[in-house]
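Here is a friendly briefing to read alongside the model. Have the sequence and the 3D view open as you go through the points.

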Amino acid sequence: HGHGITSIQSYAAITLKVVTALKNMHVHVQTSSEVGLQTFSKLTTKTQMSLVYTSNPRSRHDAWGGWKMGDEMVQGTVAAVNQHIASQAAALIGPSSSAWTL
């Protein structure tokens, strides 16, 4: 029924379709995945999109965001930055179940 984590390649394909439809060649990626960043870097280089990203201190194996006692300030700061960036975006692509992209 479509449950599970969306693949990085799927996000890249969706992003390319949205960027093309909106004629907006600027992409901001918020990820803790080195593979995700590399995938988007290759996509934007190939298509001449501009790419910026948020450096995230979470583990690269942290698929759901996690919570570490004492990291409340870091988590709150990441959430605030993501909310501000998203409020300026022409489009936002992310999982509906993510607290970071609501």
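Thr15 is buried, because its relative accessible area is 9%, under the 20% that marks a buried residue. Thr15 belongs to helix 1, and in this predicted model it touches Val27, Phe40 and Ile93, leaving out residues up to four places away in sequence. The points below start from that helix and work outwards.

**Helix 1 and its two sides**

- Helix 1 covers residues 8-22, 15 residues in all, and its first and last C-alpha atoms are 21 Å apart, close to the 21 Å expected at 1.5 Å a residue.
- Thr15 has buried company in helix 1: Tyr11, Ala12 and Val19 are buried as well.
- These buried residues lie on the same side of helix 1, because they cover an arc of only 100° around the axis.
- An α-helix has 3.6 residues a turn, so residues three or four places apart point the same way.
- On the other side of helix 1, the exposed residues are Gln9, Lys17, Thr20 and Ala21.
- The cover over the buried residues of helix 1 includes strand 1 (26-31) and helix 2 (34-47).

**Three threonines to look at**

- Which threonine of helix 1 is exposed, with a relative accessible area of 51%? That is Thr20, and its place is in helix 1.
- Thr20 counts as exposed because 51% is over the 50% cut-off.
- The side chain of Thr20 reaches back to the backbone oxygen of Leu16, at 2.7 Å.
- Thr44 lies in helix 2 and is buried, with a relative accessible area of 4%.
- Not counting residues up to four places away in sequence, Thr44 touches Val27, Met49, Ser50 and Leu51.
- Thr15, where we began, is the buried threonine of helix 1 with a relative accessible area of 9%.

**Val27 and its contacts**

- Val27 is found in strand 1 and is buried, with a relative accessible area of 7%.
- What does Val27 contact once its neighbours within four places in sequence are left aside? The partners are Thr15, Val19, Phe40, Thr44, Met49, Ser50, Leu51 and Val52.
- Thr15 and Thr44 are both among these partners of Val27.
- Val27 and Ala90 are 63 residues apart in sequence, yet their C-alpha atoms are 9.9 Å apart in space.

**The largest nonpolar core**

- Eight residues make up the largest nonpolar core: Tyr11, Ala12, Val19, Val27, Val29, Phe40, Leu43 and Met49.
- Helix 1, strand 1 and helix 2 each supply at least two residues of this core.
- The largest share, three residues, comes from helix 1.
- Met49, a member of this core, touches Leu16, Val19, Met25, Val27, Leu43 and Thr44, not counting residues up to four places away in sequence.

**Two loop residues with positive phi**

- Lys23 comes just after helix 1, in the loop between helix 1 and strand 1.
- Phi of Lys23 is near 55°, a positive value in a residue other than glycine.
- At 72% relative accessibility, Lys23 counts as exposed.
- Gln48 is found in the loop between helix 2 and strand 2 (50-55).
- Phi of Gln48 is near 60°, again a positive value in a residue other than glycine.
- Gln48 is exposed, with a relative accessible area of 70%.

**The chain as a whole**

- The chain has three helices and two strands, and from the N terminus on they run α-β-α-β-α.
- How much of the chain is buried? Buried residues make up 24% of its 102 residues.
- Among contacts between residues at least 6 apart in sequence, 59% join residues at least 24 apart.
- The accessible surface of the chain comes to about 7400 Å², and 59% of that surface belongs to carbon and sulfur atoms.

Note on methods: Residues numbered from 1 in each chain as written. Predicted model: local features only at pLDDT ≥ 70, side-chain atom pairs only at ≥ 80, totals over all residues. Heavy atoms only, no water. Helix = DSSP H or I, 4+ residues; strand = E, 2+ residues; numbered from the N terminus. Expected span 1.5 Å × (residues − 1). Buried < 20%, exposed > 50% of the residue type's maximum accessible area, 1.4 Å probe, protein only. Arc of directions from axis to C-beta. Contact = heavy atoms within 4.5 Å. Core = buried A, V, L, I, M, F, W, Y, C linked by side-chain atoms within 4.5 Å. Polar contact = N/O pair within 3.5 Å; in protein donor to acceptor, adjacent residues only side chain to side chain. Areas by Shrake-Rupley, 256 points an atom, 1.4 Å probe, with all protein chains shown as cover.
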